[in-house]
Amino acid sequence: MFSVVRTIWYVLLHMFHKRITVQYPDEKPYLAPRYRGRIILSRDPDGGERCVACYLCAAACPVDCIALQATEDPTGRRYPEFFRINFSRCIFCGFCEEACPTYAIQLTPDFEMGEYQRPNLVYEKEDLLINGPGKYPGYNFWRVCGVQIGGKDKGEAENEGPPVDIHSLLP
Amino acid sequence: MKMATVYVDGRAYEMDPKQNLLHACLQLRMDLPYFCWHPAMGSVGACRQCAVKQFKDESDQHGRIVMACMTPVAEGARISIRDPEAVEFRQAIIEGLMLNHPHDCPVCDEGGECHLQDMTVMTGHDYRRYTFEKRTFRNQYLGPLVNHEMNRCIQCYRCVRFYREYAGGNDLNSFSLRNQVFFGRDRDGVLENEFAGNLVEVCPTGVFTDATLKRHYTRKWDLQMAPSVCVHCGLGCNITAAERYGMLRRLVNRYNGEVNGYFLCDRGRFGYEFVNSERRVRQPVLRGKPASAEPALEHLRELAGGSVIGIGSPRASLESNFALRSLVGAERFYAGVPGAQSRLLKQMVDVLRNGPARTPSLREIEHCDAVLILGEDVTNTAPRMALSLRQSVRQQPAEIAERMRVPLWMDHPVREIAQDQKGPLFIATPSPTRLDDAAARSHRAAPDDVARLGFAVSHLLDQGAPADLPDALRGPAEEIAQALKSAKRPLIVSGPSLGSAAIIQAAANVAWALPGAALAFTAPESNSIGLSLMEAPALDAALAAEADTAIILENDLYRRLPAAVVDEFLARFRHVAVLDCVESATTAKAELVLPAAAFAEADGSLVNSEGRAQRFFQALLPTAPIQESWRWLGEWETLDEILGAMASALPHLATAASAAPGASFRMDGAKVPRSPHRYSGRTAMLAQIDVHEPKPPEDRDSPLSFSMEGTPDQPPSALQPFFWTPGWNSIQAVNKFQEEIAGPLRQGDAGVRILEPGSQRPPFFDQIPPPFQARDGEWLLTPLYHIFGSEELSRLAPGIAQLSPQPYVALNPEEAGQFGGEVDLLGQRISLVRIADLPRGLAGVPVGIPPFAGLDLPMWSRISRPS
Ligand code: SF4
Ligand code: SF4
Ligand code: SF4
Ligand code: SF4
Ligand code: FES
């Protein structure tokens, strides 16, 4: 008997507590920028596609839900010919972001991905690629990397000396 | 062998005192980083990466740092790999090598199978401290097969050592000095050496990478791989074929201690692209219209029920040939090779089976110490053998080094001691060969005169052999006979390439006159010997056969016989059915074309020129309706079934069935996985078609699985899909799979020999041809082979096609003087090239290159000034 009364009392008390239920979807919750939600592919500060199709994210993915194919533009800049994430398999662990050497792949604070049809959860590059650098504004892999691409000759990357003239006789 | 006891980090180990410490430690499966040492090329001590601590004795606490690769194994030696100073030293070395290393891994084709990555992780160097400028280089264009990215070089010198010293090339070198040493050519241009592709594996970094892979790049961990066998010549080098997204992506060397060892030729490595070619037959074609599989098969059955003959192929597997033979009946099955070549092959097989001379493996060829080549331009007819022959000339000089107690793995001193001395290698061919620079003497002679030289040598070796020894021949013949007689392991190399039975007979006579001599014949195609062992009548006999239908297996008759003959032959049949993987002039004439699986899509067996039966397995499942020819032709459910049927029908081929374990083979109940365990993308690669992942296909034919699931243990060598162990992602991982470094794989080398010599010497051949007589206004068209271009399938690979020669006719410069830049030959205008030393009266023409494909060479023909 006592315990029933006590329970009712507690319930009554709760009526005066501050409400923590959020009126989703009318009211959006705050999510930290590092929240691991929908994955995007970003662009470097110069507007170029950041992903260099290194396959590291795919290798890191514990559920193997990333598939891509590398290709190159005529100047030697590598990028994915296709890039597919099967979000119906993705567990949003963030390993891909961790593995990415170019900051291309990033998880975002968007979790509103519900679909009635599973095939709609298969995202291609067009669905993934955004128009900005995402969380990491400054980095451009190609400015650091030693491979020559359009607009960046040998020796023009950061910290690079001019190419050696191998025919020079000077010591 | 007496072993030495060496203490490593306080534990006693038995090591081979003929070896260096690095070799011995790796053999004991210890992890010790290295760069410049290569198991096939020995040590030079250039990179300083393999440092260990060596102690004088038990009481020595201080020790000194030595290079393991330069320190011989000695009884009682005490070394430490884990010594903190040695560890720090190795870290510092990597840090030094990395100072200028570009930030390239994500876009570097070596990544994921990079020896430099592996060694960096192994030494524990993980943080870049150097923040100054990196030196950079410009890359060079090195041709369609090998890509150059020079910034990644760590100056280990492996590339130039392989290219120049091992493979005999001279257009790759090191330039400049101090921290600016550059490895490349003096200017942009195609690498000239036929083995340049090996740089991809020899270079421990991403400086030299596979340019064909780059066009459809995939990381090693993402590939589905299977053990396979090269189909581009008769040597049957072992390869790993690799697939991704249903497409063949690349080939790499699959170590086989007896066959190819660590190296392939470029035709073999890069010829695979024919599998992806536009010219593939992908659909059945019935009367010129695409058909589906059922009506096509129905039609084939109908045709096979009537009066029918079957024409086999030396580039189809034993199984496929056997399936056709069973379908049409043994007496109506013809080998798809013209009579002349078929007789030569039969003669070779008879010589090898009945005579006492044994066929050597490529490894044995490497260790022969005197060689006579009769008639073969080996670099172009059996390329990988040329690399072995090049090592054979180092055998005799190496003995001097041995006498001076310089161990053979000390590569540089051994070469210094040898200087320019070469062991005896004699070459007798009509035109210059790429091995001439390694030869003690090269003789240029017409085919008949090559044979005469061989007969003369055999007579000098054994008086019982027939003689025709004019004075002009005596000098050279004596020199050769003397060298062969005083050798410990003499070798005769010959083959059918000049179309001369006399040459093969002469080679047999020489080998038989020298007890213990080895005899290596080249074979024109991947299964020439296997087909020959089936003892079917030649194509010429088929020309006379009466039947309504001809079923032609993986064979373009227009490359075997003159076009007019084939036209007439095909016109005689009411129905012609062809099974092939690529379109050809023959498929164009067929009423029914069935799409056959190419080597990487098929299971089957091939017999190489050594007489070794080897199995190849599917790296990818072909897209239906493409399937193996033996499946089209027969009702066998599995490979084991057809092998069983073949063993009972052709008992002398029964051993071929044991070339690899059957489909029921399991290791601890598990299959052997075709993919590495880090294979990615399984749940996404087909998601755009269906989000429900398909079950991996089952393989009823082999103990390999189409997935990454299966045994983690080392399978029998014939089933080894790829080489990988933890910490060793590059192809250098093969060290961990060998019984002995550079020796056999731990499970024994793959393949079974089915051709063993007899014990009695048959009577010597005595048909010595008369000396060659040049004719007036007529030349003997003599076949000249090209590693790139002469072989049917590799020709279709774009990279190889780019390196193939245009049709030409070659004459001695003096004889060419009467013509200009072009001549008329066989009714066509052909450009004329001059080859110094080509004997007068001969005109060299490129084999297999239209309009010379299908000609019965050598043949006499008029050559005239363009009209
Ligand atoms: S890890 Fe980054 S750069 Fe590499 S493939 Fe994935 S998204 Fe692209
Ligand atoms: S060579 Fe190796 S370490 Fe260097 S960039 Fe390429 S993968 Fe990375
Ligand atoms: S190019 Fe490769 S093999 Fe040659 S020295 Fe440099 S790292 Fe070594
Ligand atoms: S030598 Fe012959 S079998 Fe070996 S890789 Fe070259 S073409 Fe293939
Ligand atoms: S491997 Fe020993 S110094 Fe290079």
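**Exercise 1. Work out which residues come closest to ligand 1, and what classes make up its shell.**

Solution. Start with the neighbours: ligand 1 has 14 residues around it, and the closest are A:Cys51, A:Cys54, A:Cys57, A:Cys100 and A:Thr102. Being near here takes a heavy atom within 4 Å. Next, sort the shell by class: 13 residues are nonpolar, 1 is polar and none is charged. For this sorting, Ala, Val, Leu, Ile, Met, Phe, Trp, Tyr, Cys and Pro are nonpolar, Asp, Glu, Lys and Arg are charged, and the others, Gly among them, are polar.

Before you go on: this is a predicted model, where local features need pLDDT of at least 70, side-chain atom pairs count only at pLDDT 80 or more, and totals for chains, interfaces and linings use all residues. Residues are numbered from 1 along each chain as its sequence is written, chains are lettered from A and ligands numbered from 1 in the order written, and side-chain values use heavy atoms, with hydrogens and water left out.

**Exercise 2. Do the same for ligand 3.**

Solution. Of the 13 residues around ligand 3, the nearest are B:Cys153, B:Cys156, B:Tyr157, B:Cys159 and B:Cys203. By class, this shell holds 10 nonpolar, 2 polar and 1 charged residues.

**Exercise 3. Find how many disulfides the structure holds, then look at A:Cys65.**

Solution. Over all chains, the count is 0 disulfides (a disulfide is a pair of cysteine sulfur atoms within 2.5 Å). A:Cys65 is in no disulfide, and its nearest cysteine sulfur, that of A:Cys61, is 3.7 Å away. Now check burial: A:Cys65 has a relative accessible area of 2%, so it's buried. Buried means under 20% relative accessible area, exposed over 50%, and partly exposed in between (1.4 Å probe, protein chains only). A:Cys57 also counts as buried, because its relative accessibility is 8%.

**Exercise 4. Place B:Thr359 and find what its side chain reaches.**

Solution. First, B:Thr359 sits in the loop between helix H10 (339-354) and helix H11 (362-366) of chain B. Helices are DSSP runs of H or I with at least four residues, strands are runs of E with at least two, and both are numbered from the N terminus. B:Thr359 is buried, at 2% relative accessible area. Its side chain reaches the backbone oxygen of B:Glu610 at 2.8 Å.

**Exercise 5. Describe strand S26 (residues 604-607) of chain B and its pairing with S27(B).**

Solution. Take the faces: B:Gly604 and B:Leu606 on one side, and B:Ser605 and B:Val607 on the other, are all buried. Then the partner: S26(B) pairs antiparallel with S27 (residues 612-616) over 4 bridges (pairing needs at least two DSSP bridges). Finally, B:Gly604 stands opposite B:Phe616.

Key: Polar contact = N/O pair within 3.5 Å; in protein donor to acceptor, adjacent residues only side chain to side chain.
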